[in-house]
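User: I would like to go through the terms used for this model and check each against its definition.

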Amino acid sequence: MVTQEFYIRSAEESEARGPFTLEQMTSLAETGQVTPETLFYDAGSEQWSAIKSNAELQTLLFPEKTKLKLRPQESFSALNTAPAAAAPITVDDMLAAAEGRTAETKDKSDPEIAMARAAKIGMWSAIVILLVSAAGEVLPAVDVIMAFTPAKLLAQPLVLLGLLDALLALLLMLGMVTLYPVVRFRAALGLGFIGFLFWAHGQSLPILLVAAASTGLFCCTLFVSVTAVIVVGLVGLAGAGALTYLLLTT
């Protein structure tokens, strides 16, 4: 928890802010920019949760100064009132209410569930885009990789980029969403570097495909709307797939 980086947002916001270190989160809490109701992305459960729902984080950011113990209030029951017979609320009932599966909440589905689902779709979309891109960058130069000659590898910059893509995809599969800033840098790097290579050879179509793949990859790490993340994921996958096919067939 001490070394973890945090992405936060309020319940009304659609885009996350961060990453912040625990020290930065403490400073934001002291200035009132972070409250117990502020949502943070829990990489372990892959869900957006309120800070107050995490006892450890709540204690670190909002330490209790003094606890006052009050004498328990005595309860009295009126003699002329019959006790209400109410069934106990179970965990399943609370989950059903949060997901909008009860008669009272069927039109009030918890937005946190949809945002967590969007974050998961975005993560797997980024993984697929990275793997498809890595295939197009590495497969045409398999002989160079097998030879493992440093001079030849340095002469094939796309191979190095492909190995980076494969590594990032593997780390994201392990749930390391704190690497999103690195993934965004990779998206910008791919657009600038690969785009320049094709521009130098006077090829315009591959530049458009690189732009689609890089934009999709970049936005998959930002959007928390299911519809938006599906759209950018498909755009990125289409661009990466078409570019890989072009690299493998030319």
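User: What makes the end-to-end distance of helix α10 agree with its number of residues?

Analyst: Helices here are DSSP runs of H or I with at least four residues, numbered from the N terminus, as are strands (E, at least two). The expected span is 1.5 Å times one less than the number of residues. Helix α10 has 24 residues (226-249), so 34 Å is expected, and its end C-alpha atoms are 34 Å apart, which agrees. This is a predicted model, in which local features need pLDDT of at least 70 and side-chain atom pairs count only at pLDDT 80 or more, while totals for chains, interfaces and linings use all residues. Residues are numbered from 1 along each chain as its sequence is written, and side-chain values use heavy atoms, with hydrogens and water left out.

User: Why is Ala213 called buried?

Analyst: Buried means under 20% relative accessible area, exposed over 50%, and partly exposed in between (1.4 Å probe, protein chains only). Ala213 has 9%, so Ala213 is buried. Ala213 belongs to helix α9.

User: Which residues does Ala213 contact, leaving aside neighbours within four places in sequence?

Analyst: Contact means heavy atoms within 4.5 Å. On that basis Ala213 touches Ile129, Gly236, Gly239 and Ala240. Gly236, Gly239 and Ala240 are also among the buried residues of α10.

User: How is the packing of α9 and α10 described?

Analyst: Two packed helices are described by the angle between their axes and the distance between the axes. Axes are lines fitted to C-alpha atoms, for helices over the stretch in contact, and angles run from 0 to 180 degrees between N-to-C directions. For α9 and α10 the angle is about 145°, and the axes are 7 Å apart. The residues in contact include Leu209, Ala213 and Gly216 of α9 and Val232, Gly236 and Leu243 of α10. By class, this contact has 14 nonpolar, four polar and no charged residues. Gly counts as polar, Ala, Val, Leu, Ile, Met, Phe, Trp, Tyr, Cys and Pro as nonpolar, and Asp, Glu, Lys and Arg as charged.

User: What makes a set of residues a nonpolar core, and which residues have the most contacts inside the largest one?

Analyst: A nonpolar core is a set of buried Ala, Val, Leu, Ile, Met, Phe, Trp, Tyr and Cys residues joined through side-chain atoms within 4.5 Å. The largest has 28 residues, and those with the most contacts inside it are Tyr41, Trp48, Leu130, Leu172, Tyr180 and Leu217. Helix α4 gives the most to this core, with eight residues.
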